[in-house]
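Happy to look at this one together. Let's take the labels one at a time and ask what earns each of them.

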Amino acid sequence: MKSFRVVPQIHMLESVAEFAKEFQLRKQDLILTNQYIYEPYFGELSLECEVIYQENFGQGEPSDDMVDAICAEIQNSPSRIIAIGGGTIIDIAKVLALKNLSPLINLYDGITKIEKEKELVIVPTTCGTGSEVTNVAVFSLHAKGTKKGLADDQLYAHHAVLIPELLKGLPFKVFMTSSVDALIHAVESTLSPKSNDMTRLLGYKAIEIILNGYKDIVKNGEDARFPLLGQFLLASNYAGIAFGNAGCAAVHALSYPIGSTFHVPHGKSNYSVFTNVLRAYIKQKRDGEIAVFIQYLAKILKCEESKALAELETILNQLLPKKPLHEYGMKESQISEFTESVIENQQRLLANNFVFLDYDHLKEIYQEAF
């Protein structure tokens, strides 16, 4: 069997008060979070930690500018970085735990050695990124006009802490964009040539949990998600472990220019090309793991295998309506430009495709999603 590992120690706790007590949050800690998360959940705990609110340094997905500005703001020399938030918070915290991280662009250019200096504790507040258990940090590099992932074992957290209580405040749209991202992580890692028995076990279980949850929400309404938050958080974690070992692929590669250029939430930009990529795979190869996946999907959705992808889209569109790319502002002339950018910048992800997709295949996916 191919190699498999889980690096962070994973904790499942009931409340933020239990977290603060178990981890003995103290003055030497730096908490990176959002004010709307910190005040209602941690405000009454009177912690002595230095607290930085990410939104004071820019909106949207993480960027090199954001990291450099946060570095300049840190008052103390923390021994531990505590990330409490979604994907933006988590990715920034991963590099904050490194030595000599500013300017950030030097890490991506290989000028600065990637070397961990501080203990890193990650507490996700969405059910999508799975980033608490991966060694990847993705940034919009404004200095280069692109979006790129940095993958290195020095980016792993020491501890990943799952607290379902923190998901209760998620607006439904954010819950959906994050959980769709987790679903795509699970699917891409399952179909990856780097997958193995362990990653597929976790990936398929995450798919099952998320889709059964979606079916319940379609039937009973948005509030039906609340009793399921712990399960969705686990599914996101399972998918994170799976793609941390087997990788993500073309869906993420194609979505990066969309998210970076038009500031589309990560889950939405992924979903905009998700089923198009699956159909591109099937056009080239119908057997192997894609056949197993379609059979599994049909069983969960209780439909014929030939209708599985269409049924998946039907359920997802009821919860997170899919927009064509032109509605985000994309021009037809950008199809070729984005395709070239993916070929040039996303080979790390394209290497994990179920089948090889060349320039024409990738361009066709954009055209179909346009």
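Q: Why is K205 called partly exposed?

A: This is a predicted model, and in it K205 has a relative accessible area of 37%. Partly exposed covers the range between 20% and 50%, so K205 belongs there.

Q: What makes E208 and K205 a salt bridge?

A: Their side chains meet at 3.6 Å, N to O. The cut-off is 4 Å between a Lys or Arg side-chain nitrogen and an Asp or Glu carboxyl oxygen, so the pair counts.

Q: Where do E208 and K205 sit, and how far apart are they in the helix?

A: Both belong to helix α7 (residues 197–220), and because they are 3 residues apart, about one helical turn separates them. E208 is partly exposed as well, with a relative accessible area of 25%. Also on the topic of salt bridges, D197, R200 and E289 are joined into one network by bridges that share partners.

Q: How many salt bridges does the structure hold?

A: It holds 12. One of them is formed by the side chains of R5 and D153, at 2.5 Å from N to O.

Q: Why can the pair of R5 and D153 be said to tie together separate parts?

A: R5 lies in the segment before β1, while D153 is in the loop between β7 (146–151) and β8, so the pair ties together parts that are 148 residues apart in sequence. R5 has a relative accessible area of 42% and D153 one of 39%. Buried would need under 20% and exposed over 50%, so R5 is partly exposed, and D153 is partly exposed too.

Q: What makes E115 and K99 a salt bridge, and which parts of the chain does the pair link?

A: The N to O distance is 3.5 Å, and the limit is 4 Å, so the pair qualifies. E115 is in the loop between α5 (105–108) and β5, K99 in the loop between α4 (87–96) and α5, and the two are 16 residues apart.

Q: Why is Y256 called buried?

A: Its relative accessible area is 5%. Buried means under 20%, so Y256 meets the definition. Leaving aside neighbours within four places in sequence, Y256 is in contact with V138, K147, H266, Q346, R348 and L349.

Q: What happens to helix α9 at Y256?

A: The helix bends there by about 25 degrees, and a proline, P257, follows within four residues. Over its 13 residues (250–262), α9 reaches 19 Å from first to last C-alpha, close to the 18 Å expected.

Q: What makes α9 mostly covered?

A: Of its 13 residues, 11 are buried, among them H252, P257 and F262. Just after α9, H263 takes a positive phi of about 55 degrees.

Q: Which strands form the open sheet, and in what order?

A: There are 6 strands, ordered β1-β8-β5-β4-β2-β3, with parallel pairing.

Q: Why are β1 and β3 described as standing at the edges?

A: β1 (9–12) and β3 (50–53) each have a single partner strand, so one side of each is left without a neighbour in the sheet. On average, neighbouring strands are turned by 20 degrees against each other, direction ignored.

Q: How do you know that β5 and β8 pair?

A: 2 bridges join β5 (residues 119–124) to β8 (residues 159–162). At least two are needed, so the strands count as paired. In this parallel pair, I122 of the one strand stands opposite A160 in β8.

Key. Residues numbered from 1 in each chain as written. Predicted model: local features only at pLDDT ≥ 70, side-chain atom pairs only at ≥ 80, totals over all residues. Heavy atoms only, no water. Expected span 1.5 Å × (residues − 1). Bend = angle between axes of the 7 residues up to and from the residue. Buried < 20%, exposed > 50% of the residue type's maximum accessible area, 1.4 Å probe, protein only. Axes fitted to C-alpha atoms, helices over the stretch in contact; angles between N-to-C directions. Contact = heavy atoms within 4.5 Å.
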